Amino acid sequence: MSTRSTPRKVIAIKPVGGAEGKVYPRSVSGPYTSWRWIFVWLTQVVFYGLCWLPWHGRQAVLFDIDTRKFYFFDLVLWPQDTIYLVLLMILGAFALFLFTAVAGRLWCGYSCPQTVYTSIFLWFEKIIEGERPQRIKLDAAPWSHRKLALKTAKHAVWLIFSLWTGITFVGYFMPIRELIADLLAFAPGPWAAFWVVFYAFATYGNAGFLRDQMCRQICPYARFQFVMFDPDTLIIAYDTARGESRGARAKGSDPQALGLGDCIDCGICVQVCPTGIDIRNGLQNECIGCAACIDACDQVMDKMNYPRGLIRYSTENAVSMRYTPTEILRRAVRPRVIFYSAILVLLTAATAWSLASRIPLKVNVLKDRSVLSREADDGSIENAYRLQIMNTGDQTRSFRISVAGIDGIRLTSSERLTIAGGEIGIQTAIVTAAPGASQAGATAINFTIADENDPQVSVVEHSKFWMP
């Protein structure tokens with residue numbers, strides 16, 4: 001849907017005696033607000049709790065930069081597995097395309113970290129400074145001991161929460177128990193300390209101060225999302241035909257008799273908006289789709305004994321053409337949605353199959369090039385190789401090494417190697433063949449490395465045997 005088709009006027013609430021343009025969101029309750037808080041709790045329980053979950057003697061989820069290994073429960077990913085990171089990014093992109101085409105800015109309104117942390121910081125602010133009128137009055141008042149105490153308490157809570165957020169974030173990139181111990185001993189590494197402070201400062205600044213400016217002016221998400229909208233995308237919509245003309249009236253009065261629409265022009269939909277816009281001016285870039293205005297308007301409609309839904313989740317076509325919910329749902333299944341869904345399902349299935357069938361073993365065979373071949377005491381020809389065996393699973397495994405490709409070829413070094421989960425084993429392999437067993441020069445041979453207890457975990461690597 002093109003932004004040119006709707007006005008983009010933004011109305012910011014101006015506090016009494018405060019800084020012009022500052023937005024003071026009013027608290028609201030309702031089903032959409034409840035869903036938003038469910039997602040706040042869900043995302044934060046996962047974020048703050050997952051890094052503390054133990055798993056086979058280590059952290060369950062750890063992106064260990066030092067050892068260049070990513071642990072995700074039983075899955076251990078190495079730098080050679082960057083294909084999965086690429087697939088994850090592609091899946092995220094198509095999920096974004098699909099959800100945006102169907103239901104607009106659901107991510108922004110319910111799960112975006114900016115929305116989540118702003119909601120948490122506003123909750124702290126409401127507990128300490130009071131509701132919207134009290135906050136406006138406090139900011140407009142001259143400095144006093146009470147104002148200083150309230151502001152100090154609020155910022156202290158913000159800073160403590162932000163610091164814990166920074167510690168948790170870094171705890172996904174180094175073991176969090178080690179990080180906490182280092183911080184308590186005032187001996188964190190320089191990079192760990194930098195990123196804790198950096199992420200804490202970013203949380204404090206974005207959720208405490210930038211807030212609506214981040215969504216309205218800084219984040220590019222809204223700008224490019226609009227190219228994925230069309231007239232059948234679900235958005236927060238104000239029913240202009242029903243609501244206009246606006247005007248105050250007594251409770252229970254008949255708006256048609258007064259020549260008015262259902263909108264009583266109370267302005268509560270603007271007061272509850274976290275970005276301070278007036279949804280009655282049409283769809284705007286700044287609307288994050290949180291549906292706070294729907295909850296607020298429905299409460300006003302209930303008090304006036306009017307039907308709910310003056311502001312509602314709907315589509316441009318549905319509002320203008322008065323579609324029923326069944327018609328809205330039917331029009332949601334359109335070519336772009338089918339295409340995005342098919343690609344997303346196929347990629348998800350392919351990624352899941354690849355991970356499920358992934359052999360937890362990687363092998364690199366390096367030929368010793370300092371001496372291509374040498375003659376052993378018994379007259380046989382020896383070649384030396386360096387085997388790098390990576391146990392990419394989570395369990396300790398014992399591997400057996402064998403070689404083939406030339407009649408009579410064999411290993412004279414150890415044929416067995418035990419490697420702990422998520423570790424690399426190095427083995428020097430001495431391969432022997434009888435003189436004349438192959439033509440002079442390089443002959444292809446195969447190394448087979450197999451789990452002694454699970455024959456399906458097996459890798460064959462090719463190399464060359466040099467015969468003088």
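Colleague: Is Asn 305 buried or exposed?
Modeller: Asn 305 is exposed, at 59% relative accessibility. Here buried means under 20% relative accessible area, exposed means over 50%, and partly exposed is in between (1.4 Å probe, protein chains only).

Colleague: Where does Asn 305 lie?
Modeller: In the loop between α13 (292-303) and β7. Helices (H or I, at least four residues) and strands (E, at least two) are DSSP runs, numbered from the N terminus. This is a predicted model, where local features need pLDDT of at least 70 and side-chain atom pairs count only at pLDDT 80 or more, while totals for chains, interfaces and linings use all residues. Residues are numbered from 1 along each chain as its sequence is written, and side-chain values use heavy atoms, with hydrogens and water left out.

Colleague: Thanks! What is the phi of Asn 305?
Modeller: Phi of Asn 305 is positive, about 60°, although Asn 305 is not a glycine. Most residues other than glycine have a negative phi.

Colleague: And what about the phi of Phe 186?
Modeller: Phe 186 also has a positive phi, near 55°. You'll find Phe 186 in the loop between α7 (176-184) and α8 (190-210). Phe 186 counts as exposed because its relative accessibility is 77%.

Colleague: Switching to peptide bonds: which kind joins Glu 244 and Ser 245?
Modeller: A cis one, with omega at about 5°. Most peptide bonds are trans. As for Ser 245, look in the loop between α11 (240-243) and α12 (268-271).

Colleague: Let's do strands. Which way do the side chains of β8 point?
Modeller: They alternate along residues 361-367. Leu 361, Val 363, Val 365 and Lys 367 point to one face and are buried. Lys 362, Asn 364 and Leu 366 point to the other face and are not buried.

Colleague: In what sense do β8 and β10 pair?
Modeller: Antiparallel, over seven bridges, with β10 spanning residues 381-391. Two strands pair if DSSP finds at least two bridges between them. To see one of the bridges, start at Val 365 and find its partner Leu 387 in β10.

Colleague: How about β6, which of its residues are buried?
Modeller: In β6 (residues 235-238), Ile 235 and Ala 237 lie on one side, Ile 236 and Tyr 238 on the other, and all of them are buried. So both faces of β6 are covered.

Colleague: How many bridges join β6 to β7?
Modeller: Four, and the two strands run antiparallel. Ile 236 has Tyr 313 of β7 as its bridge partner.

Colleague: What comes after β7? I mean, where does Thr 315 lie?
Modeller: In the loop between β7 (311-314) and α14 (316-321). Thr 315 is buried, because its relative accessibility is 3%.

Colleague: What is Thr 315 in contact with?
Modeller: Leaving aside neighbours within four places in sequence, Thr 315 is in contact (heavy atoms within 4.5 Å) with Pro 231, Asp 232, Thr 233, Leu 234, Ile 235 and Ile 328. Ile 235 is the β6 residue we met on one of the covered faces. A polar atom of the Thr 315 side chain also lies 2.9 Å from the backbone nitrogen of Ala 318.

Colleague: Now a helix residue. Where is Gln 114?
Modeller: In helix α4, which covers residues 113-129. Gln 114 is buried because its relative accessible area is 11%.

Colleague: What does the side chain of Gln 114 reach?
Modeller: The backbone oxygen of Asn 206, at 3.0 Å. Not counting residues up to four places away in sequence, Gln 114 touches Asn 206, Ala 207, Arg 211, Met 214 and Cys 215.

Colleague: Last one: which strand holds Arg 400?
Modeller: Strand β11, residues 397-404. Arg 400 counts as partly exposed, because its relative accessibility is 41%.

Colleague: And which side chain makes a polar contact with that of Arg 400?
Modeller: The side chain of Glu 452, at 2.9 Å. A polar contact is a pair of N or O atoms within 3.5 Å; within protein, one must be able to donate a hydrogen and the other to accept it, and residues adjacent in sequence count only if both atoms are side-chain atoms. Leaving aside neighbours within four places in sequence, the contacts of Arg 400 include Glu 415, Arg 416, Thr 448, Ile 449 and Ala 450. Ser 458 is 58 residues from Arg 400 along the chain, and their C-alpha atoms are separated by 9.5 Å.
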